[in-house]
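Subject: A structure for you to look at

Dear colleague,

I am handing over a structure that I would like you to open and look through at your own pace. Please keep it on the screen while you read the notes below.

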Amino acid sequence: MKRTSFRTAQNVSPMSVRRIGTGLLIMGLALTAAAKDAATTGATPAKDQTPSTQPTPRTAHKPRHWLQVGVASWYGSHFQGRTTAAGERYDMNMMTCAHPTLPMGTWLRVTNLRNRRTTFVRVNDRGPVLDGRIVDLSYAAARALGLSGLGKVKLEAVHDGDPDLAKALVAQLQMPVLFDPLSH
């Protein structure tokens, strides 16, 4: 039998492979976190760099405030239970909406410009399909805004850290079911 100078895989236990894999995963996560911290804080430039070539921190850029004003409509029981563009079942009692271009999962502050009522909705579908409308609201969102048909609204994109969004989400958890088509 010929002997080799290297160790074969049959002598390595599965437990040590897991430990090595876990160690590599933790090291990778640590390096990723360290790289992200360095990129967001903005390293101090070397003294020989001119001001025009100095790196600027990513936090120096102000986020753009996106808003849109136009006509909103709502959709309800006819679409109840159907699959949305996001792949979830439409529930007319949830605070959701359909928007033609915003990414799925985007949170919006919707303000009814007639009565100034405001609510928060999450984009989970594509639409509206009719010209001249900027958003289709769920039945619950339309009711919260006091919208009984068409209405002029203002949409504002909301970031995850917005304290108003957090308060509204907690308040909506306690919101009763407005209409359950299965109970009739």
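What follows is a short account of what was found in it, going from the strands to the core and then to a pocket. Please bear in mind throughout that this is a predicted model.

A good place to begin is strand β1, which covers residues 67-75 and is joined to strand β6, residues 151-158, by six bridges, with the two strands running antiparallel. Within this pairing, Gln68 of β1 has Leu155 as its bridge partner in β6. Strand β1 is also joined to strand β5, residues 133-138, this time by five bridges and in a parallel arrangement, and here the bridge partner of Val71 is Arg133. As you follow these strands, it may help to remember that in a regular strand the side chains alternate between the two faces of the sheet.

Next comes the largest nonpolar core, which has 18 residues, and in which Leu108, Val110, Val135 and Leu137 have the most contacts inside the core. At least two residues of this core are supplied by each of β3 (107-112), β4 (118-125), β5, α2 (139-145) and β6, while the largest share, four residues, comes from α2. If residues up to four places away in sequence are left aside, Leu137 touches ten others by name, namely Ala72, Ser73, Trp74, Tyr75, Thr96, Cys97, Val110, Ala142, Leu145 and Leu147.

One of those contacts, Leu145, deserves a look of its own, and it lies in helix α2. Is Leu145 buried or exposed? Its relative accessibility is 0%, and because buried means under 20%, Leu145 counts as buried. Leaving out residues up to four places away in sequence, Leu145 touches Val110, Asn112, Asn115, Arg117, Thr118, Thr119 and Leu137. Of these, Asn115 is 30 residues away from Leu145 in sequence, yet the two are 8.1 Å apart in space, taken from C-alpha to C-alpha.

Finally, please turn to the second largest pocket, which holds about 260 Å³ of space. Its lining is made up of 17 residues, and those that lie nearest its centre are Tyr75, Phe79, Pro128, Val129 and Asp136. The elements giving two or more residues to this lining are β1 and β5, and β1 gives the most, with three residues. By type, the lining residues divide into eight nonpolar, four polar and five charged.

With best wishes

Terms used:
Residues are numbered from 1 along each chain as its sequence is written. This is a predicted model: local features need pLDDT of at least 70, side-chain atom pairs count only at pLDDT 80 or more; totals for chains, interfaces and linings use all residues. Side-chain values use heavy atoms; hydrogens and water are left out. Two strands pair if DSSP finds at least two bridges between them. A nonpolar core is a set of buried Ala, Val, Leu, Ile, Met, Phe, Trp, Tyr and Cys residues joined through side-chain atoms within 4.5 Å. Buried means under 20% relative accessible area, exposed over 50%, partly exposed in between (1.4 Å probe, protein chains only). Contact means heavy atoms within 4.5 Å. On a 1 Å grid over the protein atoms alone, a cavity is a set of points where a 1.4 Å probe fits but cannot get out, and a pocket is an open set with protein on both sides within 12 Å along at least five of seven lines; lining residues have an atom within 4 Å of a point. Grid points are joined across faces, edges and corners, and a volume is the space filled by probe spheres set on the points. Ala, Val, Leu, Ile, Met, Phe, Trp, Tyr, Cys and Pro count as nonpolar, Asp, Glu, Lys and Arg as charged, and the others, Gly among them, as polar.
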